Amino acid sequence: MTTIALIVAGGRGSRAGDGLPKQYRSIGGLSVLRRSVLAFAGHPRVDSVQVVIHPDDLDRYAQSTAGLALLAPVYGGDLRQQSVLAGLDALAAAGGATRVLIHDAARPLVSAAMIDRVLDALGSSDGATPALAVVDSLRRGQLAAGTTLVDATVAREQIYRVQTPQGFDFAKVYAAHRAASPEATDDVAVALAAGLKIALVEGDEMAFKLTHADDFARAERWLAAGQDAIARQASAAMISRSASGFDVHRFGPGDHLWLCGIRVGHSHGLIGHSDADPGLHALTDALLGCIGAGDIGMHFPPSDAQWRGAASDQFLLHAAGMITQRGGIIDHVDVTIIAERPKVGPVRAVMRARLAGLLGLELDAVSVKATTTEGLGFTGRGEGIAAHAMATVRLPAAGAPVGSFDD
């Protein structure tokens with residue numbers, strides 16, 4: 001069973017005020033789109049991520065998703081339904097998708113637990129949507145002489161605010177969208193019109209949609225409040241984990257090599273399937289170890305041609321994304337380069353800054369050290385470079401369906 005996340009990110013977001021389209025604006029140091037993508041790209045039950053973008057945004061998209069292993073972006077249409085259909089068309093052409101999670105990029109704070117609830121519900125329904133029960137009293141009004149007057153009370157029982165991601169059996173929702181009106185604004189509405197049974201699962205207040213300018217301030221407050229709460233409740237609500245990673249590459253022909261994401265001029269290169277960066281490889285394994293997610297070879301097999309010569313920062317970002325989507329926080333990373341040459345001292349500060357930038361950490365949460373083996377062993381003989389890394393993260397704990405509806 002193959003699950004693809006389809007993220008719709010082609011809108012202009014005019015209600016959010018002047019400036020960049022809202023999916024490319026920053027909250028908490030990351031773009032809205034990157035946060036949305038990371039929620040799915042690292043999820044253990046999501047196999048791939050497909051993003052639908054506006055044709056004018058290709059450069060913004062590339063910058064916002066740099067280093068992430070995603071399916072090639074698809075250009076959307078003028079209306080949301082057209083964009084979703086364009087994404088579904090691309091997935092159908094590629095083949096293999098059995099389930100799809102359709103998500104609005106403008107909901108960047110979606111949790112792994114909510115994704116799990118949607119996927120769990122697909123075992124017994126054609127589709128599923130997260131939703132929140134309406135708790136406020138509802139009134140219907142009408143305009144009279146320039147003033148809106150209360151017209152009637154609306155019962156709030158069985159009334160829900162739906163969110164995304166909305167999950168579906170791929171073949172069924174694809175057929176529904178192919179028959180749908182382009183004016184449809186919600187995938188559940190499309191599915192219900194096609195007679196599909198849709199489950200309702202518990203939503204999350206944090207997964208609100210960024211629509212207006214003040215929503216961005218609200219998101220920043222949520223992020224800040226979350227950090228504060230985590231710090232206050234670390235011993236009760238968070239688990240601290242540390243893990244190590246180790247990597248070795250031998251020297252080969254070349255005039256430069258890569259260390260901790262930095263190109264370093266040298267008399268030799270390093271041999272490896274990717275760019276052979278031992279620092280990033282060791283640190284990637286350390287991060288994966290913190291969440292029990294195997295090693296770098298499981299996620300990026302050397303036998304897979306697509307990783308030949310690949311930049312290793314995407315491996316690190318993948319591991320960091322898996323931690324982020326589980327609600328985790330990377331507290332500290334430490335990398336030790338073991339080599340006689342090249343000397344790390346002249347580029348240590350640049351390496352620390354690079355790692356801090358990739359992981360969204362303060363500089364004092366990143367350590368890069370170097371040592372030699374006093375002429376002993378393969379590193380002492382100048383045959384290659386080794387790297388050892390340590391990472392410390394905090395992880396929270398996690399939550400189930402509340403009902404269903406059909407047409």
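This is a short talk about a sheet, a helix and two low-confidence stretches in one protein model.

Hi everyone. Before we look at any details, please keep in mind that this is a predicted model. The chain averages a pLDDT of 86, and 88% of the residues score at least 70.

Let's begin with the sheet. Which order do its strands follow? The sheet is open and has 5 strands in the order 16-13-19-17-18, with mixed pairing. At the edges sit strand 16, residues 269–270, and strand 18, residues 366–371, and each of these pairs on one side only. There is also a helix on this sheet: helix 12, residues 348–359, packs there and touches strand 17 (329–338) and strand 18. The direction of helix 12 makes about 145° with that of strand 18.

If pairing is new to you, here is the general idea: strands of a sheet pair through backbone hydrogen bonds, either parallel or antiparallel.

Now follow strand 13, residues 239–252. Strand 13 pairs with strand 16 in the antiparallel sense, over 2 bridges. You can find the partners yourselves: Gly-252 is matched with Gly-269, and Phe-251 with Leu-270. Strand 13 also runs antiparallel to strand 19, residues 384–395, and 12 bridges join those two. Along strand 13, have a look at Asp-247, which stands opposite Ala-387 in strand 19.

Next, helix 5, which covers residues 170–178. Which of its residues are buried? They are Phe-170, Val-173, Tyr-174, Ala-176 and His-177. Why do they end up on the same side of helix 5? Because they cover an arc of only 160° around the axis. The face turned away from that buried side carries Ala-171 and Arg-178, which are exposed.

And what do the buried residues of helix 5 pack against? Their neighbours are helix 3 (80–94), strand 6 (99–104), strand 11 (166–169) and helix 6 (187–193). One more detail at the start of helix 5: a side-chain oxygen of Asp-169 comes to within 3.2 Å of the backbone nitrogen of Ala-171.

Finally, a word of caution. Over residues 227–236, pLDDT stays under 50, and the model has 7 contacts beyond four places in sequence for them. Residues 398–407 also stay under 50, and for that stretch the model has 27 such contacts. Where pLDDT is low, the predicted coordinates should not be read in detail.

Thanks for listening, and do ask questions!

Terms used
Residues are numbered from 1 along each chain as its sequence is written. This is a predicted model: local features need pLDDT of at least 70, side-chain atom pairs count only at pLDDT 80 or more; totals for chains, interfaces and linings use all residues. Side-chain values use heavy atoms; hydrogens and water are left out. pLDDT is the predictor's confidence in each residue, from 0 to 100. Contact means heavy atoms within 4.5 Å. Two strands pair if DSSP finds at least two bridges between them. Helices (H or I, at least four residues) and strands (E, at least two) are DSSP runs, numbered from the N terminus. Axes are lines fitted to C-alpha atoms, for helices over the stretch in contact, and angles run from 0 to 180 degrees between N-to-C directions. Buried means under 20% relative accessible area, exposed over 50%, partly exposed in between (1.4 Å probe, protein chains only). The arc is that of the directions from the helix axis to the C-beta atoms. A polar contact is a pair of N or O atoms within 3.5 Å; within protein, one must be able to donate a hydrogen and the other to accept it, and residues adjacent in sequence count only if both atoms are side-chain atoms.
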